[in-house]
Amino acid sequence: MASLAQAQDIRIANIVELSGAGATSGTMFKNGVEMAIKEINAAGGILGRKIAYTTEDTQSNPGVAKGLTQKAIDKDTFAIFGPVFSGSIMVSMAESRRAEVPNFTGGEAASITAQGNPYVFRTSFGQSVAFPKLARYING
């Protein structure tokens with residue numbers, strides 16, 4: 001019976017920078033995803049189905065991120081969270097688009113969403129919004 005329940009879990013892949021230059025950003029993104037999953041599962045899941053997830057380290061390397069994205073797709077992942085670095089999502093989002101798997105990113109480069117990929121969703125302000133706000137704040 002446990003294997004039947006596991007088969008009904010909603011599988012999420014958390015593909016983030018846990019080492020290298022992006023370790024701080026990736027770790028915070030990972031912690032946020034894990035906190036949300038715990039809260040959702042504690043409240044009964046999504047339509048009664050629990051969320052199961054894996055976390056993988058891109059090593060802040062776009063090539064590794066692309067490979068991990070393909071690995072997640074091969075495992076019939078429902079959605080992908082990460083990578084956070086714009087360079088990594090720029091190369092990995094083509095894989096999630098081909099597979100029609102939603103991909104949530106913390107990347108801020110304007111070019112991420114400018115491509116019109118219907119499967120990529122940004123979880124933060126993009127450069128075109130964030131930098132003017134930062135400039136106004138600095139100029140006080």
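Reader: Which exposed residues sit on the face of α2 turned away from its buried side?

Author: That face carries Thr24, Met28, Met35, Lys38, Glu39 and Ala42. Exposed stands for over 50% relative accessible area, buried for under 20%, and partly exposed for what lies in between (1.4 Å probe, protein chains only). Helices such as α2 are DSSP runs of H or I with at least four residues, strands are runs of E with at least two, and both are numbered from the N terminus. Please keep in mind that this is a predicted model, in which local features need pLDDT of at least 70, side-chain atom pairs count only at pLDDT 80 or more, and totals for chains, interfaces and linings use all residues. Residues are numbered from 1 along each chain as its sequence is written, and side-chain values use heavy atoms, with hydrogens and water left out.

Reader: Which residues of α2 are buried, and what puts them on the same side?

Author: They are Gly26, Phe29, Lys30, Val33, Glu34, Ile37 and Asn41. Their arc around the axis is only 135 degrees, so they share one side of α2; the arc is taken from the directions from the helix axis to the C-beta atoms. This side packs against β1 (10–16), β2 (51–57), β3 (79–81) and β4 (103–105), where contact means heavy atoms within 4.5 Å.

Reader: How does the reach of α2 compare with what is expected?

Author: From first C-alpha to last, the 20 residues of α2 reach 28 Å, close to the expected 28 Å. The expected span is 1.5 Å times one less than the number of residues.

Reader: What makes Lys30 and Glu34 a salt bridge?

Author: The rule asks for a side-chain nitrogen of Lys or Arg within 4 Å of a carboxyl oxygen of Asp or Glu. Lys30 and Glu34 meet at 3.2 Å, N to O, so by that rule the pair is a salt bridge. Both belong to α2, four residues apart, about one turn of the helix. An α-helix has 3.6 residues a turn, so residues three or four places apart point the same way.

Reader: Why is Lys30 called buried or exposed?

Author: Lys30 has 17% relative accessibility, and therefore counts as buried. Glu34, also with 17%, is buried too.

Reader: How many salt bridges does this rule give, and which side chain does Lys71 meet?

Author: The count comes to four. Lys71 meets Glu56 at 3.4 Å, N to O. That pair links distant parts of the chain, with Lys71 in helix α3 (residues 62–74) and Glu56 in strand β2, 15 residues apart. Lys71 is partly exposed because its relative accessibility is 35%, and Glu56, at 24%, is partly exposed as well.

Reader: Which residues are linked in a network of salt bridges?

Author: Lys66, Glu95 and Arg98 form that network. Within this network, Glu95 and Lys66 meet at 3.7 Å, N to O. Glu95 is buried because its relative accessible area is 8%, whereas Lys66, at 37%, counts as partly exposed.

Reader: Which residues make the nonpolar surface patch?

Author: Ile40, Ile46 and Leu47 make the patch, about 310 Å² in area. Patch residues have over 30% relative accessible area and no salt bridge; nonpolar side chains (Val, Leu, Ile, Met, Phe, Trp, Tyr) are joined within 5 Å, like charges within 9 Å. Accessible areas come from the Shrake-Rupley method with a 1.4 Å probe, and for residues only the protein chains shown count as cover. Ile40 belongs to helix α2 (residues 23–42). With 33% relative accessibility, Ile40 is therefore partly exposed.
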